[in-house]
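Let's take a walk through a protein structure together. Have the picture ready, and turn it as you read.

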Amino acid sequence: MPATYEPIATTTLGSNSTNVTFSSIPQTYTDLVVVINAYCVSATAMDIAWRANSDSANNYSGTRFMSDSSPYTDRSSNTNAGNAVAIFNDWSVTRAYFMNYSNTTTYKTALLRSDAKGYAVYSGVTMWRSTSAISSLEFIQPFGQSGQYASGSTFTLYGIKAA
Amino acid sequence: MSPITELVGGAKAYGWGNLSTSATAFESIATYTSTGSSGDIVFSSIPSNYSHLQIRGILRTNDTGSFNNQALRFNGDTASNYALHRLRGDGTNGAANATVNIGSINDFMRAPGTGVSSNIFAAAIIDILDYANTNKFKTIRVFNGVDDNGSGQIILTSGLWRNTNAITTITITPSGGTAITGSTLALYGIKAAA
């Protein structure tokens, strides 16, 4: 039985950073999973924003549902990155699921969950309005925000392959 | 490879009939890929040698409307043995609701219909826990979302099947009867340490 859930790449930040990129992503999997263990510096919080294939046009949108002490939902449209979950000044665990990332007939949907210790829990969905296969993923500092991913934060990319 | 899925309506699916003794903990069992024909999505003859099951994929149907209910059943049971609890946000309103004594885990996920822009599919991850245990009722959890650039749904669901039988068949009934081309759902098995 071939392995179906495999690590592809891991980045551990050696210094504070506003950007982490996975490039040359193989097209041989069905889904991608990115596990992010990070906390935010230079601000009290920041959204985890992502772009595919370096597309910085306003081709992204999202809907999220979160709770700190009370539930809250909002959405975004025509943004230049997908952002639906956030991290704070303590270690957070975020999982981003990029479903059927290599097909060339559908727009790409990513599901995201973030558990920010002591702050909030997030669930979100983001859409990239492109039928292109995802060959690179970039996690960035959202426009208008000043937070950075702290040194020691880890970003691990996995591939899941269906039969 | 031998087919282990039975799909109504001509959709294609193939799985591995002979499972190895590999130490791999997360294994692909079968994949459904829509051909646009109507019919239920059925994973049948599910082997019992895993600890948990997971279904992952994207779905869109030919139903009218925007974000439509989908239904899930186990082992062909259509009696009122199911229940559902759910948290749902649409960007404007957050809601929690429960439904009990129903004939399926109805509305276990939502998928776009013809009222949503083309090329947009819902994504879902469905975990079916301890599915082969014959001493417990069966619990699932679902993480589902879809976004249409100005409207959307993000949903966390738990579902219950009040039956102690091992799950051997999973049936997903698309709203409107048809999962359109591009829809694909993959069934995986997750093993625990021996």
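What follows is a tour of the contact between two chains, then a pocket, and finally the salt bridges.

Keep in mind from the start that this is a predicted model. Begin where chain A and chain B meet. Chain B brings 44 residues to the contact, and chain A brings 40 residues. How much area is buried between chain B and chain A? The answer is about 3,200 Å², with carbon and sulfur atoms giving 65% of it. If you wonder about such a number, the accessible area lost when parts come together is often used to give the size of an interface.

Now look at chain B's side of this contact, and ask which strands supply it. At least two residues each come from β2 (26–33), β4 (52–59), β6 (82–89), β7 (94–102), β9 (122–129), β10 (138–147), β11 (152–161) and β13 (184–190) of chain B. Among these, β10(B) gives the largest share, 5 residues. Sorted by character, the residues on the side of chain B that touches chain A are 18 nonpolar, 21 polar and 5 charged.

What links the two chains across the interface? The rule finds 17 residue pairs in polar contact there, both residues of each pair being at pLDDT 80 or more. It also finds 1 salt bridge between chain B and chain A. You can locate this salt bridge by finding Arg56(B) and Asp31(A), whose closest N and O atoms are 2.8 Å apart.

Next, turn to the largest pocket, which holds about 410 Å³ of space. Its lining has 15 residues, and those nearest the centre are Arg95(A), Tyr97(A), Asp127(B), Arg141(B) and Phe143(B). As these names show, residues of chain A and of chain B lie around the centre of this pocket. Two or more lining residues come from each of β9 (92–98) of chain A and β4, β9, β10 and β11 of chain B. Once again β10(B) deserves a look, since the largest share of the pocket lining, 3 residues, is its contribution. The lining as a whole is made up of 8 nonpolar, 2 polar and 5 charged residues.

Stay with Arg95(A) for the last stop. This residue forms a salt bridge with Asp115(A), and their closest N and O atoms are 2.4 Å apart. Because Arg95(A) sits in strand β9 of chain A and Asp115(A) in strand β10 (residues 108–116) of chain A, the pair ties together parts that are 20 residues apart in sequence. Over all chains, a search of the whole structure finds 11 salt bridges.

Key: Residues are numbered from 1 along each chain as its sequence is written. Chains are lettered from A and ligands numbered from 1 in the order in which they are written. This is a predicted model: local features need pLDDT of at least 70, side-chain atom pairs count only at pLDDT 80 or more; totals for chains, interfaces and linings use all residues. Side-chain values use heavy atoms; hydrogens and water are left out. Contact means heavy atoms within 4.5 Å. Buried area is the accessible area (1.4 Å probe) that two parts lose on being put together, summed over both. A salt bridge is a side-chain nitrogen of Lys or Arg within 4 Å of a carboxyl oxygen of Asp or Glu. A polar contact is a pair of N or O atoms within 3.5 Å; within protein, one must be able to donate a hydrogen and the other to accept it, and residues adjacent in sequence count only if both atoms are side-chain atoms. Helices (H or I, at least four residues) and strands (E, at least two) are DSSP runs, numbered from the N terminus. Ala, Val, Leu, Ile, Met, Phe, Trp, Tyr, Cys and Pro count as nonpolar, Asp, Glu, Lys and Arg as charged, and the others, Gly among them, as polar. On a 1 Å grid over the protein atoms alone, a cavity is a set of points where a 1.4 Å probe fits but cannot get out, and a pocket is an open set with protein on both sides within 12 Å along at least five of seven lines; lining residues have an atom within 4 Å of a point. Grid points are joined across faces, edges and corners, and a volume is the space filled by probe spheres set on the points.
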